[in-house]
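Colleague: I have a few questions about this one. Can we go through it together?
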Amino acid sequence: MGKFIIEGGVPLKGKVRISGAKNSALPLMAACLLTEGRCQLKNVPQLVDIITMKKVLEGLGSVIERENEGLKIDCTSLSNYEAPYELVRMMRASILVLGPLLARLGRARVSLPGGCAIGRRPVDLHLKGLVQMGAKIEVREGYIEAYAKRGLKGDNIYLDLPSVGATENIMLAASVARGVTVIEGASRAPEIIELATFLRKMGAKIEGVGTDSIRVEGVRELHPASYSIIPDRIEAGTLLIAGAITGGEVVLKEILPHHLGIVLAKLREMGMEIEVKDNQIRILGNHPRPVKIKTLPYPGFPTDLQPQMTSLACLAQGTSIITETVFEDRFAHIAELQRMGAQIERKGQMVIVKGVPFLEGTIVKASDIRGGAALVLAGLAARGVTQICDIHHIDRGYERLEEKLSRLGARIKRVEE
Ligand code: UD1
């Protein structure tokens with residue numbers, strides 16, 4: 001297990017290229033299960049979660065080659081229908097193979113993901129949708145046992161909340177189901193639009209993505225396609241906050257600024273100077289002003305940037321209020337930030353952050369991807385040395401984070417233990 005050692009206090013300066021989006025690459029990898037032949041995904045980040053999904057697909061019989069910045073995925077002969085506990089417990093997004101396996105093989109056995117460091121995270125909406133499409137599903141001995149012997153059939157599915165994963169799983173299954181599926185209350189996130197665009201390239205008929213009503217007309221079969229993954233809006237947001245929290249000047253290259261609308265608005269509200277030009281964003285950090293943030297499904301403020309914004313709010317001149325509405329327990333970073341001198345009080349889903357003049361380096365522990373990133377940001381701004389343990393959580397979602405930060409001037413190194 002490794003740790004980061006950060007000597008804080010250096011304003012970051014320079015340009016940085018944003019990697020492909022993990023949360024877009026994962027559902028696209030699952031989509032490859034829907035066809036025979038070889039699909040090609042480009043700009044796939046080199047991350048632990050991508051390796052986990054690769055292992056899940058290989059366990060099902062897929063043949064996958066990594067090539068430069070991409071993956072060639074051949075799911076012609078699937079020899080298995082099980083995603084085992086050992087892999088699903090490492091990454092919940094493994095559940096995305098459920099819909100494609102049911103659609104292609106009429107049978108799937110996927111370990112129940114269980115809770116994780118940010119909350120319970122049930123998968124009831126995924127299952128409810130697939131049952132409505134004709135799947136028989138039982139949960140036995142910690143596994144979802146699913147059958148669709150006579151195939152899946154479209155229906156009108158109403159999601160109680162706009163779950164990204166449930167929208168993806170149902171869309172994947174619906175693309176080759178009989179008849180029309182309408183998903184009401186669907187997620188409007190960019191990752192859904194990307195999945196639909198890839199599926200359309202494979203021959204699927206999907207309309208309405210980007211709205212909360214998605215219509216999928218099932219086709220008999222899909223064919224292989226190639227696709228380039230969009231830039232990671234959460235990595236981009238994290239690096240913008242790195243520029244802001246260190247009072248630096250950072251330029252992000254190769255990004256899609258419209259995916260970051262509310263994040264840029266909140267950073268501006270906090271006094272940061274931001275310039276957007278084509279596919280670049282430049283941020284000039286200033287002493288932060290306090291802010292009110294409430295996480296919401298896209299296009300609301302992303303929960304995946306809540307911990308990082310909390311780190312920035314720790315140094316604001318005044319009191320910020322941050323409310324988490326997407327996950328009930330995404331607060332593990334708070335106790336660690338308090339150890340660095342932050343004044344934070346949690347009241348249920350609300351966090352009250354009283355800004356302090358400075359944070360102090362100490363030993364802290366990452367417990368999830370984005371909470372871990374929040375500690376890196378705090379360490380970059382803190383006085384003295386911060387050691388962050390359990391950085392394998394951070395590696396799940398950030399590609400060579402310490403290298404990118406070092407190139408911007410940060411004094412950060414990885415130590416393997
Ligand atoms: C995805 C992202 C994750 C991000 C999250 C919210 C991936 C691989 N992960 O996760 O980084 O934080 O979206 O933007 O893309 N829920 C249910 N029942 C369900 C499904 C979800 O109650 O069947 C709840 C969850 O517990 C959570 C909320 O819905 O409270 C949103 O979850 P969801 O959008 O499904 O998140 P993921 O797809 O798991």
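Modeller: Below we go over a sheet, some backbone outliers, the cysteines and a pocket; the model is a predicted one.

Colleague: Sheet first. In what order do the strands of the open sheet come?

Modeller: The order is β18-β19-β21-β20, four strands with mixed pairing. The edges are taken by β18 (292-294) and β20 (343-347); each has a single partner strand, so one side of each is left without a neighbour in the sheet. Averaged over neighbouring strands and ignoring direction, the turn of one against the other is 15°.

Colleague: Which sense does the pairing of β18 and β19 take, parallel or antiparallel?

Modeller: Parallel, over three bridges, with β19 covering residues 319-323. Lysine 294 has threonine 323 in β19 as its bridge partner.

Colleague: And how many bridges between β19 and β21?

Modeller: Five, in the antiparallel sense; β21 is residues 350-354. Isoleucine 321 is opposite isoleucine 352 of β21.

Colleague: What stands opposite isoleucine 352 from β20's direction, then?

Modeller: Glutamate 345. β20 and β21 run antiparallel and are joined by five bridges. Two residues lie between the strands of that hairpin, and glycine 348 there has a positive phi near 65°.

Colleague: Switching to backbone oddities. Where is the cis peptide bond?

Modeller: Between tyrosine 298 and proline 299, with omega about 10°. Proline 299 sits in the loop between β18 and α10 (306-313).

Colleague: Why mention a positive phi or a cis bond at all?

Modeller: Because most residues other than glycine have a negative phi, and most peptide bonds are trans.

Colleague: Fine. What is phi at glutamate 254, and where does that residue sit?

Modeller: Phi of glutamate 254 is near 55°, which is positive, and the residue is not a glycine. Glutamate 254 belongs to the loop between β15 (249-253) and α9 (261-269). Its relative accessibility is 39%, so glutamate 254 counts as partly exposed.

Colleague: What about arginine 400?

Modeller: Arginine 400 also has a positive phi, near 45°. Its loop runs between α13 (392-395) and α14 (401-407). With a relative accessible area of 40%, arginine 400 is partly exposed.

Colleague: Cysteines next. How many disulfides do you count?

Modeller: Zero.

Colleague: Why is cysteine 32 not bonded to cysteine 39?

Modeller: The sulfur of cysteine 39 is the closest cysteine sulfur to that of cysteine 32, but they are 4.0 Å apart, too far for a bond. The cut-off for a disulfide is within 2.5 Å.

Colleague: And which cysteine sulfur is closest to that of cysteine 75?

Modeller: The one in cysteine 32, at 5.7 Å, so that pair is also too far for a bond.

Colleague: Is cysteine 32 buried or exposed, and what is its accessibility?

Modeller: Buried, at 0% relative accessibility. Cysteine 75 is buried too, with a relative accessible area of 0%.

Colleague: Last topic. How much space lies in the second largest pocket?

Modeller: About 300 Å³.

Colleague: Which residues line the second largest pocket?

Modeller: The lining is Leu34, Thr35, Glu36, Ala103, Arg104, Val176, Ala177, Arg178, Val219, Arg220, Glu221 and Leu222.

Colleague: How many residues of that lining are nonpolar, polar and charged?

Modeller: Six are nonpolar, one is polar and five are charged.

How values were computed
Residues numbered from 1 in each chain as written. Predicted model: local features only at pLDDT ≥ 70, side-chain atom pairs only at ≥ 80, totals over all residues. Heavy atoms only, no water. 1 Å grid on protein atoms, 1.4 Å probe; cavity = no way out; pocket = protein on both sides within 12 Å on 5 of 7 lines; lining within 4 Å. Points joined across faces, edges and corners; volume = space filled by probe spheres on them. Nonpolar A, V, L, I, M, F, W, Y, C, P; charged D, E, K, R; others polar. Buried < 20%, exposed > 50% of the residue type's maximum accessible area, 1.4 Å probe, protein only. Pairing = 2+ DSSP bridges. Axes fitted to C-alpha atoms, helices over the stretch in contact; angles between N-to-C directions.
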